[in-house]
2 protein chains.
Amino acid sequence: MQMTDIQQQFVLHWGEMGSLWGVNRTVSQIHALLFVLGKPLNAEQLSETLNVARSNVSNSLKELQSWQLVRVTHVLGDRRDYFETSVDVWELLRTIVRERKEREFDPTTRLLQSLVNSPDFARESPDGQDRILATLELMQKLGAWSDEMLRLSPATLDKILTLGATVQRFVRGSAAAQEPEALSKP
Amino acid sequence: MQMTDIQQQFVLHWGEMGSLWGVNRTVSQIHALLFVLGKPLNAEQLSETLNVARSNVSNSLKELQSWQLVRVTHVLGDRRDYFETSVDVWELLRTIVRERKEREFDPTTRLLQSLVNSPDFARESPDGQDRILATLELMQKLGAWSDEMLRLSPATLDKILTLGATVQRFVRGSAAAQEPEALSKP
DNA sequence: CCATTATTTCTGTTTTGACAGAAACATCGA
DNA sequence: TCGATGTTTCTGTCAAAACAGAAATAATGG
């Protein structure tokens, strides 16, 4: 499966980005390749195109499937598994956010909650308690907000992004007057 | 610098999360420690408390400073450098988002832009062009939105999170009627 | 300017994760 | 059921990153 120059650059860059974010390079390359090509490939084709071992492809696909980013399809008259990803970037974004939140963000929130609930928590200094509580609250808010956003359709999400500035004005008016640029100092 | 049980759990967990997100474990542990303690420590104290080599601390601090997450202070009558982080979670969040965006997100947007601008781009299949264009547009929108959010005060951001649901209703009404739950199928 | 203390850089070791290739396993058609 | 084809698991190797300790460098106070 020959890649065009454009496709190759895309795949390679995506691989780099993946590593930076704690994702195996081969995993992100496979995902990127399935996305740019926009059609199902079998493991052999992936292996050849990316020049990685067949086993490496197999494990990476397993991982991508566990992230719900890749699914199996079949081609008539061919008993090999073919793999494809969604070509809808919004859906991909949603899936990635949902999965990462569930695996990495939520457990942290729970840990913070358990620290706060612990009998030992009262023994922390007042300021120390405040910091942990503030962290917990921030994470809870981010989590709840993100759950809400995940429920929206791509079209609605798109509007929220586009209208960011408007939303800001709306929100500012919605609560007690507050200096808008009272940023905490460095 | 003795840690309480609560503090230790916090620091250890933060270290784990860091690795998961492509941040060196020692780096995130140091940051977490400075945050929970809420007071400046010198390199020696960090080294002892976390049981890591002095040199490791030095390099990690350098990295944290490059991320603008830690700064140097001094204690009267002590010529050693002391290091501290902000104890404002909102400020920390903002800093992390800003830095990561600048280093990892923006370059990807620029790459996509350059792919689209390339003369070769026209040779891609129409669907292939669409996918790359859609990716670029999504990233541009996310980037612009995030820049806007980064400009807001913590108080305003807090409101936006809290009023997420309300914002959603507001946005839905703001454009042509659109089925709110027309999610793309899996 | 020297002794002392703090900090960074350098070098080698250890650990971890990615990966290839082989072997084992499963599935299908004949 | 057997051969052929496809897939996963296992094992060993390799490379990159984290890390420790030592050495070198810089800064400070006397």
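## Two chains around two DNA strands

The largest share of the surface near DNA strand C comes from H4(B), which puts in four residues. That is a handy place to enter this model, which is a predicted one. Helix H4 of chain B has company there: helix H2 (25-37) and H4 of chain A, along with strand S3 (78-85) of chain B, also supply at least two residues each. Altogether 17 residues surround DNA strand C, and the closest are Ala53(A), Ser55(A), Asn56(A), Ser55(B) and Asp81(B). Sorted by class, the residues of this surface come out as three nonpolar, eight polar and six charged.

Now swing over to DNA strand D. Here 19 residues lie around the strand, and those that come nearest are Ser55(A), Asp81(A), Thr26(B), Ala53(B) and Ser55(B). Which element gives the most to this surface? It's H4(A), with five residues. From chain A, helix H3 (43-50), helix H4 (54-66) and strand S3 (78-85) each bring at least two residues, and from chain B so do helix H2 (25-37) and helix H4 (54-66). The class count near DNA strand D is three nonpolar, eight polar and eight charged residues. If you're clicking through the model, Ser55(A) is worth a stop, as it is listed among the closest residues to DNA strand C and among the nearest to DNA strand D. Ser55(B) also turns up in the list for strand C and in the one for strand D.

Let's step back and look at how chain A is put together. Its secondary structure amounts to eight helices and three strands, and along the sequence they run α-α-β-α-α-β-β-α-α-α-α. Chain A has 186 residues, of which 27% count as buried. Take the contacts in chain A between residues at least 6 apart in sequence, and 49% of them join residues at least 24 apart.

The opening pair of helices in that pattern makes a good next stop. The axes of helix H1 (residues 5-20) of chain A and H2(A) come within 8 Å and cross at roughly 145°, and the crossing is right-handed. On the H1(A) side, the residues making the contact are Gln7(A), Phe10(A), Val11(A), Trp14(A), Gly15(A), Met17(A), Gly18(A) and Ser19(A). They meet Arg25(A), Val27(A), Ser28(A), Gln29(A), Ala32(A), Leu33(A) and Val36(A) in H2(A). By class, this contact has eight nonpolar, six polar and one charged residues. H2(A) also supplies at least two residues of the surface near DNA strand C.

Next, the sheet of chain A. Its three strands form an open sheet in the order S1-S3-S2, with antiparallel pairing. Strand S1 (41-42) and strand S2 (70-75) of chain A each have a single partner strand, so these two stand at the edges, with one side of each left without a neighbour in the sheet. S2(A) and S3(A) pair over five bridges, and you can find Val70(A) opposite Thr85(A) in S3(A).

Chain B has its own open sheet of three strands, in the order S1-S3-S2 and with antiparallel pairing. Which strands stand at the edges in chain B? They are strand S1 (41-42) and S2, each with a single partner strand, so one side of each lacks a neighbour in the sheet. H2(B) packs on this sheet, touching S1, S2 and S3 of chain B, and its direction makes about 90° with that of S3(B). Strand S2 (residues 70-75) of chain B pairs with S3(B) in the antiparallel sense over five bridges. Along that pairing, Arg71(B) stands opposite Glu84(B) and Thr73(B) opposite Tyr82(B). S2(B) and S3(B) form a hairpin with two residues between them, and Gly77(B) in the turn has a positive phi of about 80°.

Glycine isn't the end of the positive-phi story. Asn51(A) is not a glycine, yet has a positive phi of about 60°. Where is Asn51(A) found? Look in the loop between H3 and H4 of chain A. Is Asn51(A) buried or exposed? Asn51(A) has 6 C-beta neighbours inside 10 Å, so this residue counts as exposed. In chain B, Asn51(B) has a positive phi of about 55°, again without being a glycine. Asn51(B) sits in the loop between helix H3 (43-50) and H4 of chain B, and is exposed, with 6 other C-beta atoms within 10 Å.

Note on methods. Residues are numbered from 1 along each chain as its sequence is written. Chains are lettered from A and ligands numbered from 1 in the order in which they are written. This is a predicted model: local features need pLDDT of at least 70, side-chain atom pairs count only at pLDDT 80 or more; totals for chains, interfaces and linings use all residues. A residue is near a molecule or strand if its C-beta atom, placed from the backbone, lies within 6 Å of it. Ala, Val, Leu, Ile, Met, Phe, Trp, Tyr, Cys and Pro count as nonpolar, Asp, Glu, Lys and Arg as charged, and the others, Gly among them, as polar. Two strands pair if DSSP finds at least two bridges between them. Axes are lines fitted to C-alpha atoms, for helices over the stretch in contact, and angles run from 0 to 180 degrees between N-to-C directions. A crossing is left-handed if the near helix is turned anticlockwise from the far one by less than a right angle, and right-handed if clockwise. Two residues are in contact if their C-beta atoms, placed from the backbone, lie within 7 Å. A residue is buried if 20 or more other C-beta atoms lie within 10 Å of its own, exposed if 12 or fewer, and partly exposed in between; C-beta atoms are placed from the backbone.
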